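I set aside some bench time to look through this model, and these are my notes. I kept the entries short so you can follow along on screen.

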Amino acid sequence: MAKNLLIVESPAKAKTINKYLGKDFHVLASYGHVRDLVPKEGAVDPEHGFAMRYELIEKNEKHVDAIAKAAKGADAIYLATDPDREGEAISWHISEILKERGLLKGKDLHRVVFTEITPRAIREAVEHPRQVAADLVDAQQARRALDYLVGFNLSPVLWRKVQRGLSAGRVQSPALRMIVEREEEIEAFVPREYWSVEAELNHPQQGFTARLVKLDGQKFEQFTLTNSKDAEAARTRLAKAAGDALRVTDVASKERKRRPSPPFITSTLQQEAARKLGFTTSRTMRVAQKLYEGVAIGEEGTVGLISYMRTDSVNLSVDAVKEIRDVIARDFGTAALPDKPNEYKSKSKNAQEAHEAIRPTSALRTPASVAKYLDDDARRLYELVWKRTVASQMVPATMNTVSVELAAGSEHSFRASGTTIIDPGFLAVYEEGKDAKTAEDEDEGRKLPPMKPGMSVPLGSIHTDQHFTEPPPRFSEASLVKALEEYGIGRPSTYASIIQVLQSREYVYLDNRRFRPSDVGRAVAKFLTGHFMQYVDYDFTAKLEDELDAVAAGEAAWVPLMERFWKPFKATVEEKSESVDRSEATGARLLGTDPKTGKPVSVRLGRYGPYAQIGHMDDEEKPKYASLRPGTSMHTITLEEALPLFNLPRTLGEVDGKSVTVAIGRFGPFAKLGDTYASLGKEDDPYTITFERAVELVRAKEEMIANRTIKTFPGTGIQVLNGRYGPYITDGEKNGKIPKDRDPASLTQAECEALLAEGKPVRKGGRFGKKVAAKKAPAKKAAAKRAAAPAEAPAKKVAKKAVKKAAKKAPAKKAAKKAAKKAVKKATKTA
């Protein structure tokens, strides 16, 4: 057995490193986090120094057992999890588990850190180990405890006041507020009209355009002309003053340098990958992880292609810079190389400068040389990282900007600008993307013909153009990450998860790759901003991050930080739980009065989403309800838009004495005839659909139902049906699979019963339903039987077998867990 055990987080990393360290090392993966807080109240105890109760993560139990088994026979244990707080915490958790199991006695325990997976970096890390950093672990524990206390205490308030099943996060909530506030800005925005004026000039060598900068002796500004009448009058004056030509009054030439952008940190990589590759933040991190952990590169074997991708440092190691400079000299010439390496300073005041920026592990591995070993996503991301890194160590680009002033008479003047690149410098390799173009960007690459003061340039025409100011754009993934970074909300490792959580909770959704808040998201943000403002305040959240950084740096203790947060937070939660009115919390709005009944019309947030209501709950007559149209927000709907919603259900006519009606249900609009329901198509509007079209949809559904039944067995409830994915058997409780070589119509009752016995439970409750739990009794009996196994079997083994068996027998997770827990208790007692 190997003398040394080295533990990393992922199996891919373990596989790569195993090849580097030889037979003296056994490399295993923890598969991420191994322990987490017990998912119940009291997991963090503020009354006893914020003591935290952890439990093994169920899916990683077998990996922990494998680590423990290997640790038993090892002389030394190396904890080589990721080089950030999360990684430090995982190392600490592993060491705590091994300590609890008595597996560290007489063994050396080391913490090793590397930011790239290359043979040199791994060997160097193993040769220079350290101890687990208690300060980093404390900072991560504090972060986890804060997130737990916010989630466990604030989420139940949201359930009672807004909607069941909602949750609030310490870092996600300020991010949600950011998106909602931008939406409100857009809704409140009132566009202003303005006009621009341009002259088309016919220079003998090359035509060009000049924009108006002075009108009637005054500087021409954005809102100088705000209507078509004034714009046309100005155009007429300019044309008259200019005649056939504009006179050149000044030519200015200015040379400037443009420095390259620093190498990537997590946030800038996510932004550029979004802009240039169309990647989401989670996709970027997934692909980067693969490049970091190792790719098989021909004869060279498996090697990590980029350094660690969760970093806020723009530093590059001395060795990396030397290699990059060699590549620049080789591929772009010594003229592209600055006299000394370019240095960059991190914007983040708490950046961990000991870390490195994201860079290729070897600049000698050009994108072209590794392209054939990579899939398309990995190839494109690697190329982005390589180019950005190499460009960061090149000379600045030299630009020349020429500005020409052209007079139209003595009172008016135009300006034309053009920028040309004298020396591309770093631009020969890479140029950073932008979210919005500026006037300077428009001039770039435009070359003006040669002109001198006093020259007359023939005038083609003068034209005016109408414009309207635009609201601020909604956040894209790139601009949201940039804003989070600027405000100091979250840290490099959390940006992707913040965005993922907001989307998975359906608080926000993407519309043309821009974030829009859902009505539920707006209600949550409005409630939190109105009643827990301090905890969604950008400065407060950023300050808390700074305090956590101070704990990580060993400059502050974590328990006092927790106490400062917890006491006022707890008091606010208790007070708001009692004082806040639910209607106000959900963002309910009174739209006006129904002209037919004189009753109030309002919009509210219900269990299944927003709806409109006529009347009050305490009225003698029950209120009328109506679902909102898809794409309509309860925060912007008007009375005029809401009233037609109550025209549903509509009765369109009769067929054989039965009414044909149209309405909107929980799963969308439908037509109904007798007992038959048919969903409307995407192109069908329930408010305008015709009688003929509704009948057509119902008849199609009836025909489908008629063709659905292949065979029935009266008195048994067993049917052979045609389903979406082919024929199957059902008895209403279970679905059975039909063998491919059997004709469904030839199945006997006995055969159907046998196939159903091996089948799966039917999903109940429509598209949002859960799987029906199989009868619990057999699972319980099986668990109990194993719990009462012979005494020589250790209690833990018995319990584990019971867990597995219960999980297999009971398809529903809840049933399996209950049976398993009872088995554990019984087995422990027996032992």
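**Notebook: strands, helices and cores**

Entry 1, a pair of facing residues. I began at Arg256, which stands opposite Met399 in strand 15. I should say straight away that this is a predicted model. Strand 12 and strand 15 (residues 397–408) are antiparallel partners, and I found 11 bridges between them. Strand 12 (residues 245–258) also runs antiparallel to strand 17 (residues 456–468), with 3 bridges joining the two. There I looked up Leu246, and its opposite number in strand 17 is Val457. A general reminder to myself: side chains in a regular strand alternate between the two faces of the sheet.

Entry 2, the whole chain. I stepped back and noted 26 helices and 32 strands in the protein chain. How much of the chain is buried? Of its 831 residues, 47% are buried. I then took the contacts with a separation of 6 or more, and 68% of them are between residues 24 or more positions apart. The accessible surface is about 43200 Å², and carbon and sulfur atoms hold 51% of that.

Entry 3, helix 9. I picked out helix 9, residues 281–293, and counted 13 residues. From first C-alpha to last it reaches 18 Å, close to the 18 Å expected at 1.5 Å a residue. Which of its residues are buried? My list reads Thr281, Thr284, Met285, Val287, Ala288, Gln289, Leu291, Tyr292 and Glu293. As a general point, an α-helix has 3.6 residues a turn, so residues three or four places apart point the same way. I also looked up what covers the buried residues of helix 9, and the cover includes helix 1 (11–21), helix 8 (266–277) and strand 13 (295–296). Helix 12 (376–391), helix 14 (477–487) and helix 15 (495–504) are also among the covering elements. Just after helix 9 I came to Gly294, which takes a positive phi of about 135 degrees.

Entry 4, the cores. Which residues touch the most other members of the largest nonpolar core? In this core of 81 residues, they are Phe527 and Met562. Helix 5 (residues 134–161) gives the core its largest share, 12 residues. Leaving out residues up to four places away in sequence, I found Phe527 touching Val157, Leu158, Lys161, Val162, Phe532, Val580 and Ala585. I then found a second, separate core of 63 residues, and its members include Leu6, Tyr292, Val295 and Val321. Tyr292 was already in my notes as a buried residue of helix 9.

Entry 5, Phe152. I went back to helix 5, where Phe152 has its place. Is Phe152 buried or partly exposed? It counts as partly exposed because its relative accessibility is 31%. Beyond residues up to four places away in sequence, Phe152 touches Pro39, Lys40 and Glu41. I also checked Phe152 against Val44: they are 108 residues apart in sequence, and 10.0 Å apart in space from C-alpha to C-alpha.

Entry 6, a four-stranded sheet. My last stop was an open sheet of 4 strands, in the order 20-21-22-23 with antiparallel pairing. Strand 20 (589–593) and strand 23 (624–627) are the edge strands, each pairing on one side only. From one strand to the next, the twist averages 30 degrees. Strand 22 (residues 609–614) and strand 23 run antiparallel, and 4 bridges join them. I closed with Ile614, whose bridge partner in strand 23 is Lys624.

Notes
Residues numbered from 1 in each chain as written. Predicted model: local features only at pLDDT ≥ 70, side-chain atom pairs only at ≥ 80, totals over all residues. Heavy atoms only, no water. Buried < 20%, exposed > 50% of the residue type's maximum accessible area, 1.4 Å probe, protein only. Contact = heavy atoms within 4.5 Å. Areas by Shrake-Rupley, 256 points an atom, 1.4 Å probe, with all protein chains shown as cover. Expected span 1.5 Å × (residues − 1). Pairing = 2+ DSSP bridges. Axes fitted to C-alpha atoms, helices over the stretch in contact; angles between N-to-C directions. Core = buried A, V, L, I, M, F, W, Y, C linked by side-chain atoms within 4.5 Å.
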